[in-house]
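User: I've got a model open on my screen and I'd like to talk it through with you. Can you walk me through it?

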Amino acid sequence: SSLTLVVDILPTLKIKKSINPEAQIKITKLLLVSAGVLGVFGITFVLNRLNLNLFNFVYIVILTQLALIGPVLDSLKHQGSYPKPMWIAVISALLVGFGSVVIGSTTNYPILIDGAGVLCIIASIMATKLVKMSFLRS
């Protein structure tokens, strides 16, 4: 975040030539603290307005990160040696993970809710392998 502010945002401002590096660092710190405070209060406001708890929000964030495991592991293993549409694997894993939560919630089958993370990881790895196999065939 701070690197983006210092390297990308501050140099594009017209006032950059009049600000010394120490002042740029102070401005960056102020902007980061402001973004953090606004983020905390913004998330709290949104969760209160939608009548959700923090656990549901964190669970959504975790599931979206777990959906990336297959493509990330594949790219680390093969170092991106061939282009693949890995977004298909990510979307597939997200559908499985969130689908598990929705089905588990609507059918009162809590094991699907609890196992959504594991199902998301399995789907991510399997979908990555399928995308990779289909790409290598063509």
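User: Where does phenylalanine 57 sit?
Analyst: Keep in mind that this is a predicted model. Phe57 belongs to a nonpolar patch on the surface, along with Ile43, Leu54, Val58, Val61 and Ile62. As for its place, phenylalanine 57 is in helix α3.

User: Is phenylalanine 57 exposed or only partly exposed, and what is its relative accessible area?
Analyst: Partly exposed covers the range between 20% and 50% relative accessible area. Phenylalanine 57 counts as partly exposed because its relative accessible area is 33%.

User: Which element gives the most to the nonpolar patch?
Analyst: The patch has about 440 Å² of accessible area together. Five of its residues come from one helix, and that top contributor is α3.

User: Which elements give two or more residues to the largest nonpolar core?
Analyst: That core has ten residues in all, including Tyr59, Val90 and Cys120. The elements giving it two or more residues are α3 (54-66), α5 (87-106) and α7 (116-137).

User: What does valine 90 touch, leaving out residues up to four places away in sequence?
Analyst: Val90 is one of the residues of the largest nonpolar core, and so is Ala67. With those sequence neighbours set aside, valine 90 touches Ala67, Leu68 and Pro71.

User: Zooming out, how many helices and strands are there in the protein?
Analyst: Read along the sequence, the pattern goes α-α-α-α-α-α-α. The count for the protein is zero strands and seven helices.

User: And what share of the residues counts as buried?
Analyst: Buried means under 20% relative accessible area. Of the protein's 138 residues, the share that counts as buried is 24%.

Note on methods:
Residues are numbered from 1 along each chain as its sequence is written. This is a predicted model: local features need pLDDT of at least 70, side-chain atom pairs count only at pLDDT 80 or more; totals for chains, interfaces and linings use all residues. Side-chain values use heavy atoms; hydrogens and water are left out. A nonpolar core is a set of buried Ala, Val, Leu, Ile, Met, Phe, Trp, Tyr and Cys residues joined through side-chain atoms within 4.5 Å. Buried means under 20% relative accessible area, exposed over 50%, partly exposed in between (1.4 Å probe, protein chains only). Helices (H or I, at least four residues) and strands (E, at least two) are DSSP runs, numbered from the N terminus. Contact means heavy atoms within 4.5 Å. Patches are made of residues with over 30% relative accessible area and no salt bridge: like charges are joined within 9 Å, nonpolar side chains (Val, Leu, Ile, Met, Phe, Trp, Tyr) within 5 Å. Accessible areas come from the Shrake-Rupley method with a 1.4 Å probe; for residues, only the protein chains shown count as cover. A salt bridge is a side-chain nitrogen of Lys or Arg within 4 Å of a carboxyl oxygen of Asp or Glu.
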